[in-house]
Amino acid sequence: MKVSVIITCYNREKYLARAIRSAISQRFPADDFEVIVVDDGSTDHSPQIAADYGDEIVYVRHEKNRGLPYARNTGIRRARGRYVVNLDADDYVHQDLVYVEHLHLALNTHWGAVSCDYVLVDEHERHISRISGTDKPIACGMMFRKDALIAIGLYDEELLVCEDKDLRLRFMQQYHIGHVN
């Protein structure tokens, strides 16, 4: 297993199917990646939506809501891949994301992670603007070496806001983050 795509979800029934479809539709060898959905205690129809994907995903459910950092850590610990990509349930990724980011990490062994630019969309999925992942970083769509995340102690589960910024700052103290436009 090369890559684990981790989708965290809490009451995102409106978007979850789109996120899962974008993750399982990657143009990357199917035997080389997995999609893990971590449901952080949803009380809406998110569990039923995830169940529709059967064996195409690995489904992990928390009985009660523990927060995004806890859910992300659950996914990372469950991941079989050497690399992990975080995806929030209300986001979706390009079908070549895993291929391109995996290629960049494989060729740049001194990188601990690779980020990419992203596009803001409206409620009808029309593109609003392209955002530089270097200037305005987010966790979604970023591929990390799993062993590097473990080495820095994963996400701080006590931080329920700015957990991504905290992780990135701690990560950059030890590892380089490359970037793909």
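Let's start with one residue: at 28% relative accessibility, Glu157 counts as partly exposed, because that value falls between the 20% limit for buried and the 50% limit for exposed. Keep in mind that everything here comes from a predicted model. What does Glu157 do with its side chain? It forms a salt bridge with Arg77, and the closest N and O atoms are 3.6 Å apart. This pair links distant parts of the chain, since Glu157 sits in the loop between helix H5 (146–151) and helix H6 (163–172), while Arg77 belongs to helix H3, 80 residues apart. Arg77 has a relative accessible area of 55%, so this residue is exposed.

That salt bridge has company. How many salt bridges does a search of the whole structure find? The count is 12. Take a look at Asp88 and Arg72, whose side chains meet in a salt bridge at 2.6 Å, N to O. Asp88 lies in strand S4 and Arg72 in helix H3, so the pair ties together parts that are 16 residues apart in sequence. Are Asp88 and Arg72 buried or exposed? Both of them are buried. There's a third partner to find here too: Arg72, Asp88 and Asp164 are linked in a network of salt bridges.

Now slide over to helix H6 for another pair. The side chains of Arg170 and Asp166 meet in a salt bridge of 3.0 Å, N to O. Both residues lie in helix H6, four residues apart, and that is about one turn of the helix. Arg170 is at 21% relative accessibility, so it counts as partly exposed. Asp166 also has a relative accessible area of 21%, which means that Asp166 is partly exposed.

Next, let's turn to the empty spaces. Rolling a probe the size of a water molecule over the atoms shows where empty space is left. The largest pocket holds about 930 Å³ of space. Its lining is made by 32 residues, and the ones nearest the centre of this pocket are Tyr92, Val93, Asp117, Tyr118 and Val119. Which helices and strands supply at least two residues each to that lining? They are strand S4 (83–88), helix H4 (97–107), strand S6 (118–121) and strand S7 (127–131). S6 gives the most, with four residues. If you sort the lining of the largest pocket by class, you get 15 nonpolar, four polar and 13 charged residues.

The second largest pocket has about 260 Å³ of space. Asp88, the buried partner of Arg72 from earlier, turns up again in the lining of this pocket. Other residues in that lining include Thr8, Cys9, Tyr10, Arg12, Asp40 and Asn65. Strand S1 (3–9) and helix H3 (68–78) each supply at least two residues of the lining. By class, the lining of the second largest pocket divides into five nonpolar, three polar and four charged residues.

There's also a space of another kind: the count comes to one cavity of 30 Å³ or more. A pocket is open, but a cavity is a space where the probe fits and cannot get out. The largest cavity has a volume of about 30 Å³. Which residues line the largest cavity? Ser115, Cys116, Gly133, Pro137, Ile138, Cys140, Gly141 and Met142 do. Those residues divide into five nonpolar, three polar and no charged.

Back on the outside, have a look at Tyr99, Leu103 and Leu107, which make a nonpolar surface patch of about 310 Å². Leu107 lies in helix H4, a helix that also helps to line the largest pocket. With a relative accessible area of 65%, Leu107 is exposed.

Finally, check the backbone at two spots in loops. Asn11 has a phi near 55°, a positive value in a residue other than glycine. You'll find Asn11 in the loop between S1 and helix H1 (16–24), and its relative accessible area of 24% makes it partly exposed. Leu154 also isn't a glycine, yet it has a positive phi of about 60°. Leu154 lies in the loop between H5 and H6, the loop that holds Glu157, where we began. At 7% relative accessibility, Leu154 counts as buried.

Notes:
Residues are numbered from 1 along each chain as its sequence is written. This is a predicted model: local features need pLDDT of at least 70, side-chain atom pairs count only at pLDDT 80 or more; totals for chains, interfaces and linings use all residues. Side-chain values use heavy atoms; hydrogens and water are left out. On a 1 Å grid over the protein atoms alone, a cavity is a set of points where a 1.4 Å probe fits but cannot get out, and a pocket is an open set with protein on both sides within 12 Å along at least five of seven lines; lining residues have an atom within 4 Å of a point. Grid points are joined across faces, edges and corners, and a volume is the space filled by probe spheres set on the points. Ala, Val, Leu, Ile, Met, Phe, Trp, Tyr, Cys and Pro count as nonpolar, Asp, Glu, Lys and Arg as charged, and the others, Gly among them, as polar. Patches are made of residues with over 30% relative accessible area and no salt bridge: like charges are joined within 9 Å, nonpolar side chains (Val, Leu, Ile, Met, Phe, Trp, Tyr) within 5 Å. Accessible areas come from the Shrake-Rupley method with a 1.4 Å probe; for residues, only the protein chains shown count as cover. A salt bridge is a side-chain nitrogen of Lys or Arg within 4 Å of a carboxyl oxygen of Asp or Glu. Buried means under 20% relative accessible area, exposed over 50%, partly exposed in between (1.4 Å probe, protein chains only).
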